[in-house]
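Dear colleague,

Please find below the structure that I am handing over to you. My notes on selected residues follow.

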Amino acid sequence: MKKLVAQCPTCQTRYSVSQGQLKVAKGRVRCGQCLTVFSAVNPTEPSAVPAVPAAPPTPPPENLKPKTDPLTLLRQMPLDPPELSPATRLPAPSQKLAMTGSFLALLLLAGQYLWFERAKLAQEPLLVPLYSMLCEQLDCTLPSHHSLAWLQTSHLLVRSQAEQPDVLEVLTGLTNTSPLPVPLPVMRLQFTDASGRIVAASDFQPEAYLPGDATTRLQPGQRQTFRLLLQRPAAGYLGYELDWLPVAAR
C-alpha cells in the first residue's frame, strides 16, 4: 500500500498515512503529539519531503493526555456495524400454547367455511363422505333461500272433482337433488281466467300441503308427492301457475 506523509501544522510532526485511512475520516486526522485535528487531504510522498532534523517534540498541555496512535480519530470511529442480538425465544410451554392456539384458529376457520359453503362443497366427491358423517351428528339442512335451486317439480295437475264440481284437486311433487337435506318451501298457487286476469292467488306453508306423516324437509334424493283440495275460485275456464318460495325465518 502506498504511504504518504502528513504534517501537523501546530507541532510540525510528520506521519505516514495511506489513502484508505484518509478516506475513512474524509482527510481529517488528530496529531498524536499535540492532539490537534487537521486536514491531511493533500499529503506528500516520503521522497518529496526534505530530510530535516526533527525538532524536539512540544510537550502537550498538562490537562491533556496524548494518544500513542497518530490516527486516533480514524481508529476510534465505529467502522463495523453493530452486532444484532438474537431474538428472544419463547419458553417451550409458551411455544406449544402458541402453536395449539394457531392450529385451533385454523380449524375454526376451516369449519366455518365448510359449514357456510356446504351447499356448494357438498357436491365435491371427495367431501361427500365428510358431509355424510357430519350430517349424522348435526342438522345440515340448507337454508330455505338456498334450497330452491335444488328442488325440482316432478309433476303438476289441477282437476275438478266429479262428485264435487266446486272443488279443485291439486296434485304435485318435489325431488331434492341436493346432497344435503333441504326444507320444504312455500307453495304459491295462482289462478287466471280466459283473458289472463288473476282471479285468485294463495300461499300454502308446508304444514298445509303435507301428508300427515311427512316431515317438513326432504333428504338427499328424496321425492315427495302432495295433494291439496281447494275451493274453485271462479266458474268456467281457469288457468293455473305454481311457484315455490322460501320459507320466512321464524
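**Findings on three residues**

S178 is located in the loop that links β6 (167-176) to β7 (182-183). Please bear in mind that the model is a predicted one. S178 has a relative accessibility of 3% and therefore counts as buried, the cut-off being under 20%. Its side chain comes to 3.0 Å from the backbone nitrogen of L180. Beyond the neighbours within four places in sequence, S178 is in contact with L142, W150, P220 and G221.

The second residue, T172, belongs to strand β6. T172 is buried, as its relative accessible area is 0%. A polar atom of the T172 side chain lies 2.7 Å from the backbone oxygen of H155. H155 also appears among the residues that T172 touches once those up to four places away in sequence are set aside. The full list of these residues is T153, H155, L156, M187, Q224, T225, F226, L242 and W244.

The third residue, G32, sits in the loop between β3 (28-30) and β4 (37-39). With a relative accessible area of 6%, G32 is likewise under the 20% cut-off and so is buried. G32 and T13 are separated by 19 residues in sequence, and their C-alpha atoms are 8.8 Å apart in space.

To recapitulate, S178 and G32 are each found in a loop, whereas T172 is in a strand. The relative accessible area is 3% for S178, 0% for T172 and 6% for G32.

Yours sincerely

Methods. Residues numbered from 1 in each chain as written. Predicted model: local features only at pLDDT ≥ 70, side-chain atom pairs only at ≥ 80, totals over all residues. Heavy atoms only, no water. Helix = DSSP H or I, 4+ residues; strand = E, 2+ residues; numbered from the N terminus. Buried < 20%, exposed > 50% of the residue type's maximum accessible area, 1.4 Å probe, protein only. Polar contact = N/O pair within 3.5 Å; in protein donor to acceptor, adjacent residues only side chain to side chain. Contact = heavy atoms within 4.5 Å.
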